[in-house]
Amino acid sequence: MASSTKIGTVLGIPIRVHITLWIFLPLIASHISSVLGFTSLFWGLLGAIGLFTSVALHELGHSYVAIRKGCSVREILLVPFGGIAKMQHLPSRPRDEALIAAAGPAVSLMLALVFHLLSRFIGAAGLYALAVTIYVLSAINLMLALFNLLPSFPMDGGRIFRAWMTPKLGRLEATRRAAKIGQTIAIVFGVWAVFGGRFNLSLLAIAIFIYMAAGSEYRAVQLQESFKYRPFGVWGGGVPREPEGNVIVGPAPYEQTSSASSPRNDDDDLFDELWRRWR
Ligand code: ZN
């Protein structure tokens, strides 16, 4: 039995929904309904669909830049805790890695702004329930962008941070520092989840996830550097890894299955200049 269903194709990339998401969707919908303060599941379901559409657009942001940088994206998989863009032929230059990583949070920020304006407009038109639902989607996208910008693995910010530090420190040391920051953030989250007033199970789960993923990203790069060879690529947020080399992560960034240097694009010289200044 297939573990995921294809729901469409965007930019030539199949978008698939993992079977567990279909199971969790009613739960997520009822949770969003209660957050919204509505008894009807309809608004929660609309919110859940909006949430996963937002996640898919975030991953498409990564994918669009990745394709422009000469990568290929095999598929985008939506899972209950996020999305995964499965990439091949990743760029070897840190600057390209940073651009691909930044594209996801950039899309989420844009969505936050669009939803915010839309909710005001719809609210002014008197459609209260719809306006509140869209307002919550705006907040979720803002959180998605900010959370992913934490300078730590497995978030996008960890990749941007590593790309920034790699020319100065080397890839391994840059990864080690990003992983250390990730584990420190995880410990703060964990302590807050347990002792910060009300016990927060989902925050604790996120803390444990970040801690493990940060460590595994470092070990993966350590292995890579020791072999100077990338059997299946370890760019994408770490383990757990399926036999064929797929990474299942969340709050999921994106993943690679192999790597190669990318061809140069027309806009590369401009980016090179900007990148030099930025660094
Ligand atoms: Zn991302």
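Me: What joins β3 to β4, and through how many residues?

Reply: A hairpin does that job, with two residues linking the strands. Keep in mind that this is a predicted model.

Me: How do you know that β3 and β4 are paired, and in which sense do they run?

Reply: Strands count as a pair when at least two bridges are found between them. Strand β3 (residues 72-79) and β4 have seven bridges, so they pass that test, and they run antiparallel. One of the bridges has S72 facing Q88 in β4.

Me: Why is strand β4 called largely enclosed?

Reply: Buried means under 20% relative accessible area. Six of the seven residues of β4 (residues 82-88) are buried, so the rest of the structure largely encloses the strand.

Me: What about strand β1 and strand β2: what makes them a pair?

Reply: Here there are six bridges between β1 (residues 4-10) and β2 (residues 13-18). The cut-off is at least two, so this is a pair as well. The two strands are antiparallel, and V10 sits opposite I13 of β2. They make a hairpin with two residues in between, and L11 in that turn has a positive phi of about 55°.

Me: In which sense do β2 and β3 pair?

Reply: In the parallel sense, over three bridges. R16 and L77 in β3 are bridge partners.

Me: On to the helices. How do you know that α1 and α2 cross, and at what angle?

Reply: Two packed helices are described by the angle and the distance between their axes. The axes of α1 (residues 19-36) and α2 (residues 41-68) come within 7 Å, crossing at roughly 115°. That crossing is right-handed. On the α1 side the residues that meet α2 include L21, L25, I28 and I32, and on the α2 side W43, L45, L51 and F52 are among them. The contact is made up of 13 nonpolar residues, four polar and no charged.

Me: And how do α2 and α4 pack?

Reply: Their axes are 10 Å apart, at an angle of about 35°, for α2 and helix α4 (residues 128-148). This crossing is right-handed. Among the residues in the contact are L46, G50 and H58 of α2, along with L130, L137 and N141 of α4. The count here is nine nonpolar, seven polar and no charged.

Me: Why is A56 called buried?

Reply: A56, which belongs to helix α2, has a relative accessible area of 10%. Buried means under 20%, so A56 qualifies.

Me: Which residues is A56 in contact with, leaving aside its neighbours within four places in sequence?

Reply: I76 and L78. The C-alpha atoms of A56 and I76 are 7.3 Å apart, though 20 residues separate the two along the chain.

Me: What makes the length of helix α6 close to the expected one?

Reply: The expected span is 1.5 Å times one less than the number of residues. Helix α6 (residues 171-195) has 25 residues, and its first and last C-alpha atoms are 36 Å apart, close to the 36 Å expected.

Me: Which residues of α6 are buried?

Reply: Among them are R171, A174, A178, G182, I185 and A193. Each counts as buried because its relative accessible area is under 20%.

Me: What comes just after α6?

Reply: G197, which takes a positive phi of about 90°.

Notes. Residues numbered from 1 in each chain as written. Predicted model: local features only at pLDDT ≥ 70, side-chain atom pairs only at ≥ 80, totals over all residues. Heavy atoms only, no water. Axes fitted to C-alpha atoms, helices over the stretch in contact; angles between N-to-C directions. Helix = DSSP H or I, 4+ residues; strand = E, 2+ residues; numbered from the N terminus. Left-handed = near helix turned anticlockwise from the far one by under 90°. Contact = heavy atoms within 4.5 Å. Nonpolar A, V, L, I, M, F, W, Y, C, P; charged D, E, K, R; others polar. Buried < 20%, exposed > 50% of the residue type's maximum accessible area, 1.4 Å probe, protein only.
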